[in-house]
Amino acid sequence: MRQAGRSLPEYRASRSSGSILQAVRDPALAAEITLQPVRRYGVDAAILFSDIMVPLAASGIEMDIVAGKGPIIQTPFRSERDLARLGTFHPETDAPYVAETVKILVSELSVPLIGFAGAPFTLASYLIEGGPSRSFALTKTLMRSDPKLWASLLDRLADMVLASLRSQVEAGAAAVQIFDSWVGTLSLRDYKTYVLAASHKVLTGLQDMGVPRIHFGIGTGELLGAMAEAGADVVGVDWRIPIDEARLRVPGRAVQGNLDPAVCLAPWPIVASEVRKVLADAKGLAGHIFNLGHGVLPETDPGILAEIVALVHEEGRADAEQDSFRTGP
Ligand code: CP3
């Protein structure tokens, strides 16, 4: 459950007034914030407290992450000259606090830690738009009008993302997830022409590390097959498509998802019924990781999230018992 912390009073107390980037640069604090939802909800994995913008900020791109809005870049990426501003990212020297946080967590957690990074397209969209966007007009215009510059930018971002993920795994992360949150704005053809190669570089560049790779985006129903081709072991999906249908579109991969985060705002009996629907859709699939289809909404009641985790565990156990009854010991 991404950004599960945002719904927690203990998270708001720990964060106090500093920016999220300051919190990420403090390993003891970042580790504590990572642990908070794990303690409270008893989830089966932890996701590192960081942000997809961290490698860019650490390599000298000036930005703020504004609460309620998202990342704002001082000087957006517009031309060939801006490539020079994107230095090479060396995780050990540019952002040593990330590996430090991972090491603290690995020694304290009894569940696996998921490391993560933004995918090249989503990072490029923030760099080019200068902040969040609905239309991605500037990104798509640069992509089409200067495909060479676009390819160079995505390739540089792929190197940065890969370096970041490799160092998280070296420090002890047990799995990695790349967030291509906004790639669903593209057609399948454009995804294949402009994005697939860079995401493929990241995912295949992790192959030798032997950790599961999760590839997530929202609004990606039509892109799922191509996202699977990019090389992930698990494809994350939002709530717009049933999880069994998603599974058919990603042959040989596991799926992660896909409860609508807004469902968590409804009264419990409705939430329970929606959770059961996801589990029913996923019944019999070779690999399914129950999750929300996107991040936790800040106004979510933490008590509801705790009940969801308990219900999923309960139903999962019931299923496992039934399976062992059917197949014998
Ligand atoms: O659960 C976790 O807290 C794990 C860490 C995590 C954060 N961001 C911390 C965070 C993860 C996995 C992310 C990923 C991230 N960051 C994505 C991809 C995931 C997704 O939601 O699709 C994106 C697009 C970003 C960029 C970003 N950072 C946005 C859009 C925002 C939201 C701004 C807001 O307040 O609504 C952020 C801020 C952010 N990153 C918060 C957290 C906990 C909340 C604000 C804060 O605490 O200051």
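Leaving aside its neighbours within four places in sequence, which residues is His313 in contact with? In this predicted model, the answer is Gly42 and Asp44.

Let's start with the histidine. His313 sits in helix α16, which covers residues 302–327. Is His313 buried, exposed or partly exposed? Its relative accessibility comes out at 24%, so it counts as partly exposed, given that buried means under 20% and exposed over 50%.

The link to Asp44 is made by side chains: that of His313 makes a polar contact with that of Asp44, at 2.9 Å. As for Val43, 270 residues separate it from His313 in sequence, yet their C-alpha atoms are 9.1 Å apart in space.

Now for the sheet. Seven strands make up an open sheet with parallel pairing, and the order runs β1-β4-β5-β6-β7-β8-β9. At the edges are β1 and β9, each of which pairs on one side only. Over at the β9 edge, β8 and β9 pair in the parallel sense over 5 bridges, and Gln256 has Ile289 in β9 as its bridge partner.

Helix α10 (residues 147–171) packs on this sheet, where it touches β4 and β5. The direction of α10 makes about 170° with that of β4.

Here are the strands whose residue ranges come up in this tour:

| Strand | Residues | Note |
|---|---|---|
| β1 | residues 46–47 | edge strand |
| β4 | residues 113–118 | touched by α10 |
| β5 | residues 175–179 | touched by α10 |
| β8 | residues 254–259 | pairs with β9 |
| β9 | residues 288–292 | edge strand |

Key. Residues numbered from 1 in each chain as written. Predicted model: local features only at pLDDT ≥ 70, side-chain atom pairs only at ≥ 80, totals over all residues. Heavy atoms only, no water. Helix = DSSP H or I, 4+ residues; strand = E, 2+ residues; numbered from the N terminus. Buried < 20%, exposed > 50% of the residue type's maximum accessible area, 1.4 Å probe, protein only. Contact = heavy atoms within 4.5 Å. Polar contact = N/O pair within 3.5 Å; in protein donor to acceptor, adjacent residues only side chain to side chain. Pairing = 2+ DSSP bridges. Axes fitted to C-alpha atoms, helices over the stretch in contact; angles between N-to-C directions.
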